[in-house]
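Thank you all for coming. Today I would like to walk slowly through one structure, beginning with the whole chain and then stopping at a few individual residues.

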Amino acid sequence: MTPPRTIRFGEFIALMALMMATVAYSVDAMLPLLDPIGEALSPEATERAQLVMTVFLLGLGMGTFVAGPLSDSFGRKRVILSGFALYMAAAVVAAMAPDMTTLLAARFVQGLGAAAPRVVSQALVRDLHSGRMMARVISFSMTVFTLVPAVAPLIGAGLGALYGWRAIFWSFVVFGAIASLWMSTRLGETLPPEKRRKLNLGALGRAFAEVVGHPRVRLYLLAQTLVYSTMFIWLSEVALIFAGYFGREDSFPRWFALVAILSAPSSFLNGRLVLRLGMRRLAVMAITAQCATALVAVLVFATTEPGSMFWIFMLFMMTQFFAIGFMIGNLNALALEPMGHIAGMASSVMGGVSTVAAAFVAIPMSYAHDGTPLPLAIAVLFMALLNAGVMRFAQRYD
């Protein structure tokens, strides 16, 4: 099946990538601006600025549970455009926030809105494709998506330097407007009225039970949660390590961009290889590589002098993100494959559970930060070993 209207396959991939990039841009662009925000709105406790990230992810996780079911009832396009409208309205409030409490409330609502493009875009892809072709579309979209973490911190730092930290929230308004206009004019509805499910609590309860009651879906949901946990641990630790341990706070956005660019081809390669090798095989290979590189990193960071660690840390970070590029699309496709008839609900459950659970896993691990890369490497190794066990157990259901 091809996307409705006249949109071509390449443009469809680019549009899906933009939808998926909403969260990445909304999070990564904030990394260089947390200190200025804390100094401006909470000078007595600047560490409260970290909550700007946390409450957004909390709103995202909660919104994820409802965005998919709403799209199953009212259509994909309407829900995505409504989500962007909420996202942009909250960004306006955040841009004019007079205090930290207002800013945090706006960021929570912004996370709720961002859940719609993040989740429903995956259900939209499932409407049009299945199996390995679905994994291929997601992988190609992820190739474009992975460029966003490369440029987002640079954009955040640049806007902050030129116009102050409030400018980043106005950029979120522009981002949402571009995505909304593009989708509304170029892509038709992918879920026709006759295939929609009536919205009621009983139907939602039965659909939720079907998703969580499926053993294959449960296991791949756990695997995806472990991948997200690894990503959240990296996001919470990497800036602190660059600033406190390596003394490279000012150059952090550029190094982060370099890693994102070098690891971006993994999703493209996955899209090229998945039709021949299969989703599960590629995911297992990536998890195995993640375990091996994390083990080497733990041994090196525990025994090497600090002065020679920077390039080792850079290589470790790049290989980890390269491996993750082979996991997300494949694990998501493996879990969604049996759920085509309730793709919206399945996407919501997977996205909501994995996001919230990963945040709860990452928070206590971040407290183990001692200023060195060693705790990060240990945490990543622990997550990868758990994931290897989950994938081995899930094999019996394939």
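Let me start with how the chain comes together: among the contacts in the protein with a separation of 6 or more, 87% are between residues 24 or more positions apart. Please keep in mind throughout that what you see is a predicted model.

As for the secondary structure, the protein has 17 helices and zero strands. Of its 398 residues, 55% are buried, and the accessible surface comes to about 16,100 Å², with 68% of that area belonging to carbon and sulfur atoms.

Now to the interior, where I have picked two residues. I80 lies in helix α4, which covers residues 76–95, and I80 counts as buried because its relative accessibility is 1%, where the cut-off for buried is under 20%. What does I80 touch, if we leave out residues up to four places away in sequence? The answer is M19, A116, P117, V120, S121, L124 and M183. You can also look at A114, which is 34 residues from I80 along the chain, while the C-alpha atoms of the two are separated by 8.8 Å.

The second residue is F316, placed in helix α14, residues 310–324. With a relative accessibility of 4%, F316 also counts as buried. Again setting aside residues up to four places away in sequence, F316 touches W234, T293, A294, A297, F301, A377 and V380. F316 and V296 are 20 residues apart in sequence, and from C-alpha to C-alpha they are 8.9 Å apart in space.

Let us turn to the surface, where I would like to show you two patches. One is nonpolar, has an area of about 450 Å², and is made by F65, V66, L70, F74, L199 and F208. Helix α3, residues 51–74, gives the largest share of this nonpolar patch, namely four residues. F208, for its part, lies in helix α9, residues 201–213, and is F208 buried, partly exposed or exposed? It is partly exposed, because its relative accessible area is 33%, and that category runs between the 20% and 50% cut-offs.

The other patch is negative, and it is formed by D35, E39, E249 and D250. Of these I will single out D250, which is found in the loop between α10, residues 215–245, and α11, residues 252–263. D250 counts as exposed because its relative accessibility is 71%, where exposed means over 50%.

Key:
Residues numbered from 1 in each chain as written. Predicted model: local features only at pLDDT ≥ 70, side-chain atom pairs only at ≥ 80, totals over all residues. Heavy atoms only, no water. Patch = residues over 30% accessible without salt bridge, like charges linked within 9 Å, V, L, I, M, F, W, Y side chains within 5 Å. Areas by Shrake-Rupley, 256 points an atom, 1.4 Å probe, with all protein chains shown as cover. Salt bridge = Lys/Arg side-chain N within 4 Å of Asp/Glu carboxyl O. Lys, Arg positive; Asp, Glu negative; His and termini not counted. Charge placed at Lys NZ, Arg CZ, Asp CG, Glu CD. Helix = DSSP H or I, 4+ residues; strand = E, 2+ residues; numbered from the N terminus. Buried < 20%, exposed > 50% of the residue type's maximum accessible area, 1.4 Å probe, protein only. Contact = heavy atoms within 4.5 Å.
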